[in-house]
Amino acid sequence: MTGLRDYLRVVGALGRRSIKQSFRRPQFLAPILLFPTLFLILNTGGAGSAEEIPGFPEVNGILDFEMPGTLIQCTLLAGVSAGIAMALDVEVGFLDRLVTAPVRRSAIVIGRLVATAVLGLLAGVYFMVLGLLAGMQVEGGLLGYLVVLFMVPLSAVAFGSIGAALALKSGKASVVQGIFPIVFVILFLSSAFFPRNLLTEPAATIADYNPMSYMAEAIRDGVISDVSVEPLLKGVAGLAVVIALGGLLCAAALRSRLRAG
Amino acid sequence: MEAATIRRSGAGLPAVGLLMRRALYEVVRVPGAAIPGALAPTLFLLGLTATFGNLTKLPGFTTDDFMSFIVPVGILQGATFSGAATGVNLARDIEQGWFDRLLAAPVPRGALLAGIVFSASLRSLLPISMLLIVAFSLGVDFPGIDGLLVALVLALAFSAATACYSTTLALRFKTQAAAPLMQAGAFMAVLFTTSYAPLELLTGLLHDIATVNPVTQIVDAARQGFVGDVTWTDTWPGIVAVLGIGAVFALLALRGLRRMGR
């Protein structure tokens, strides 16, 4: 019990440090809020007439359809930011000092991921408020909001685990920064911004296998209609796949870093 | 007095050439730094086409091939990435003290700016070529010599204009931390236009911004050959816009250069 309490204390301390770091350095926080806001304006304005295309789902407005994609985008960027921050910790030797301290190694990664979840949640709240002010309607009511509050922080954890794995493996912030354009492409190859049935090939097929499609669709289901079980379960399955993959990659990268000394 | 004489004696042109050559060496010696910027426009072209390809089904869309519609946006993105990278590299040179040595050299400040700016245009040929190879191999119709020429000339000029913008910021902030401002500003200037759809089909804030954004004229002029015929009526507003933007930021950059070291 004491062991668990100590573990949680370390996770909490490292998580608080990561959150403070993000608020002190605007370059970590700005991309999470700025880019998705700009893309939200772009996507709603650029695809504003898309509701007229046959096969486009019935929505109150294009903003309702695009918001879930924006939420996934902001958690994705929170994951990249977490990776960059962790790589900087490696570069300045902070990780080495942590490794020599009497703390469980997994707490180092979990602490960072807890902070990423908090940042993802804050960003999610910001976007929901922005959306509601701009006329968005959450058809799923309270359940719809709860789905958002459940999916968004966990999505941030999922993408944060991939970012952390990349940081631990490479140890270079520039490498993690370099995946920035690729991150956008992976997002475009999902149904985050456009219905899966209206994507062009081969994107439509890729989107079927892209967990981001199911994560975005789970959030979207509660925004544009009543919450249903199937999309939610698929979204949770998508989350589980990314978290499991990120966790395995983190463990492997940390082990190989420690072995290399 | 001697330095001033040298500055007027035509040392500028070789300096421009040397600075451009140095920028090219950077691409060859540190390809890892150049590859993301070179690849990004192509990746965006593929990503946007995959997602929004069916927007062409909307009544009033000027073409039935979305990739052809968006290729000029990718070309201009390649130009802006190179222009922004020039500012980031300049900020690095300022941080490391290399630029101070350049300022102490008997070279006119205008020539320094020209060297920096033209190197951006030269570097932008890399992402643009990559994008065009991918686009043509994926079935985008050749826009004709005139269409391609208009798009390329506008892109190179826009790259120079973006380099002036990022140089202004580099000289103002003197740190690479200003990089996101350089990259995001230039990147969004291209996207907040008719990049996704014709102006009539845009809605909300994007429609309002695209209407007043001068870069819309450049995008539309560069797009002509890819979606139809090239006409002077659709070309000259793009030329005026790129020259105007370039002139404003060139003046600001020159002012920043003159203030350096005072």
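## Burial, contacts and confidence

Author: Ala197(B) sits in the loop between helix 8 (179–191) and helix 9 (204–212) of chain B; helices are DSSP runs (H or I, at least four residues), numbered from the N terminus. This is a predicted model, in which local features need pLDDT of at least 70, side-chain atom pairs count only at pLDDT 80 or more, and totals for chains, interfaces and linings use all residues. Residues are numbered from 1 along each chain as its sequence is written, while chains are lettered from A and ligands numbered from 1 in the order in which they are written.

Reader: Why is Ala197(B) called buried?

Author: Ala197(B) has 28 other C-beta atoms within 10 Å. The term needs 20 or more, with 12 or fewer for exposed, partly exposed in between, and C-beta atoms placed from the backbone. Ala197(B) is therefore buried.

Reader: Which residues is Ala197(B) in contact with, leaving aside its neighbours within four places in sequence?

Author: They are Gly46(A), Leu55(B), Phe61(B) and Leu202(B); contact requires C-beta atoms, placed from the backbone, within 7 Å. The C-alpha atom of Ala197(B) also lies 8.4 Å from that of Thr56(B), 141 residues apart along the chain.

Reader: What makes up the side of chain A that touches chain B?

Author: By class, 19 nonpolar residues, eight polar and one charged. Ala, Val, Leu, Ile, Met, Phe, Trp, Tyr, Cys and Pro count as nonpolar, Asp, Glu, Lys and Arg as charged, and the others, Gly among them, as polar. In total, 28 residues of chain A contact 31 of chain B. Helix 2 of chain A gives the largest share of that side, nine residues.

Reader: How do you know that helix 10 of chain A and helix 11 of chain A cross at roughly 140°?

Author: The angle is taken between the N-to-C directions of axes fitted to C-alpha atoms over the stretch in contact, on a scale from 0 to 180 degrees. For helix 10 (residues 211–224) and helix 11 (residues 229–260) of chain A it is roughly 140°, and the axes come within 7 Å. Tyr214(A) and Ala218(A) are among the helix 10 residues that meet helix 11, whose side includes Leu232(A) and Val241(A). Their contact has 10 nonpolar, two polar and three charged residues.

Reader: Where is confidence lowest and highest in chain A?

Author: On pLDDT, the predictor's confidence in each residue from 0 to 100, helix 7 (residues 173–178) of chain A is lowest, at a mean of 74, and helix 10 of chain A highest, at 92. Chain A averages 86, with 98% of the residues scoring at least 70.

Conventions:
Helices (H or I, at least four residues) and strands (E, at least two) are DSSP runs, numbered from the N terminus. Two residues are in contact if their C-beta atoms, placed from the backbone, lie within 7 Å.
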